[in-house]
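Work through the following exercises with the sequence and the coordinates at hand, and try each task before reading its solution.

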Amino acid sequence: MLEIKNVTKRFGNYTAVEDLSLTVRKGSVYGLVGYNGAGKTTLLKTVAGIYRADGGKVLMNGEDIFDNAKQKQHLFFVPDELHFEPYTTLEKTAKFYKSYYPDFNNETFVKLTDLLGLDRKAKVSSFSKGMQRQAEMAIALACNPQVLLLDESFDGLDPAKRNLMKNMLLEYAAEKEASIIISSHNLHELGDMCDHIGLINGKKIVLDASVDDLSGTRCKLRAVFSENKVESDFAHINYKKVEIDGKIVVLTINKAPDVAEDLLRKMNPLLVERFVMSVEEIFLDEMEEGDYDFKSIFG
């Protein structure tokens, strides 16, 4: 299990991550979502022990990960910017990792590279960006890590290979009971594979919940009335946001949707519809910074 407790990371006077906490249990695929520059990469590098936290700590199996060589042998970090030696082959790269990771499984490496159609004797520098990502993923899974950290790891993949790698990760998490964090600014990449979602914004986690809980508590209620409505008419309902267009009202509900719908129906609307919010809609709702006045820019 991976525990991130009140972690803060600064670079000089700039705070990249502030008092951030989350837990990734065994067998869980945790999606870390946020805009570019939100602190995702800094957090992953701190978890991997590349950066030392300025506050808080990262625990793997109950032990502090920083300067812990034993635990790091069971953690693998796949960065956004991959680096391979200029003239090395995929086969030689695997041998390098095998010297560090005691649980490296060569049979798994061969099977995965065959599945992905990668030439093990070819120079990795000759691979496309997408092929290099697949190569790094094959090595990562062959190392049999208990914790796997992936930073924007689906970038550059075609839809078929992206789907294949997602299935590989889901199977690995289930079979090995591994803790996996996948960071991305693109919810389309994560929404269908993660069992837990964390939204990072303003250097902090603003939402941390299981996908099942999100789908069970977040919804939109659309109601049509016989007369025009104003916002104060709905003050007795616990909503996050209300949108009113004359007789048509849309309420965004964050919790207790059954209670909110019951109160709305007691207002005798002509029609009430309930829509479960997608993970992407929840993301946009949590991260929105308000409407931009483009006229003031281009006017």
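**Exercise 1. Find the residue with a positive phi in the hairpin of S12 and S13, and describe the pairing of the two strands.**

Solution. Begin with the turn: two residues lie between the strands of this hairpin, and Gly 246 takes a positive phi near 65° there. Next, take the strands themselves, S12 (residues 241-245) and S13 (residues 248-253), which run antiparallel and are joined by five bridges; strands are DSSP runs of E with at least two residues, helices are runs of H or I with at least four, and both are numbered from the N terminus. Two strands pair if DSSP finds at least two bridges between them. Finally, pick out one bridge, in which Val 242 has Leu 251 of S13 as its partner.

The model is predicted, so that local features need pLDDT of at least 70 and side-chain atom pairs count only at pLDDT 80 or more, whereas totals for chains, interfaces and linings use all residues. Residues are numbered from 1 along each chain as its sequence is written, and side-chain values use heavy atoms, with hydrogens and water left out.

**Exercise 2. Determine how H4 packs against H6, and which residues make the contact.**

Solution. First, establish the geometry: helix H4 (residues 106-116) and helix H6 (residues 159-176) pack at an angle of about 155°, with their axes 11 Å apart; the axes are lines fitted to C-alpha atoms, for helices over the stretch in contact, and angles run from 0 to 180 degrees between N-to-C directions. That angle makes H4 roughly antiparallel to H6, a term for angles over 145 degrees. Then list the contact (heavy atoms within 4.5 Å): H4 contributes Leu 112, Leu 115 and Leu 116, while H6 contributes Lys 161, Leu 164 and Met 168.

**Exercise 3. Trace the order of the open sheet of four strands and locate its edges.**

Solution. The order is S2-S1-S4-S5, with antiparallel pairing. The edge strands, each pairing on one side only, are S2 (14-24) and S5 (63-64). Two bridges join S5 to strand S4 (residues 55-60), and Leu 59 stands opposite Asp 64 in S5. As a last step, add helix H1 (residues 40-47), which packs on the sheet by touching S1 (2-11), S2 and S4, its direction making about 115° with that of S1.

**Exercise 4. State how many helices and strands the chain has, and what share of its residues is buried.**

Solution. The chain has 10 helices and 14 strands. Buried residues, those under 20% relative accessible area with a 1.4 Å probe and protein chains only, make up 47% of the 299 residues.

Technical notes:
Parallel < 35°, antiparallel > 145°, perpendicular 65-115°, else oblique. Buried < 20%, exposed > 50% of the residue type's maximum accessible area, 1.4 Å probe, protein only.
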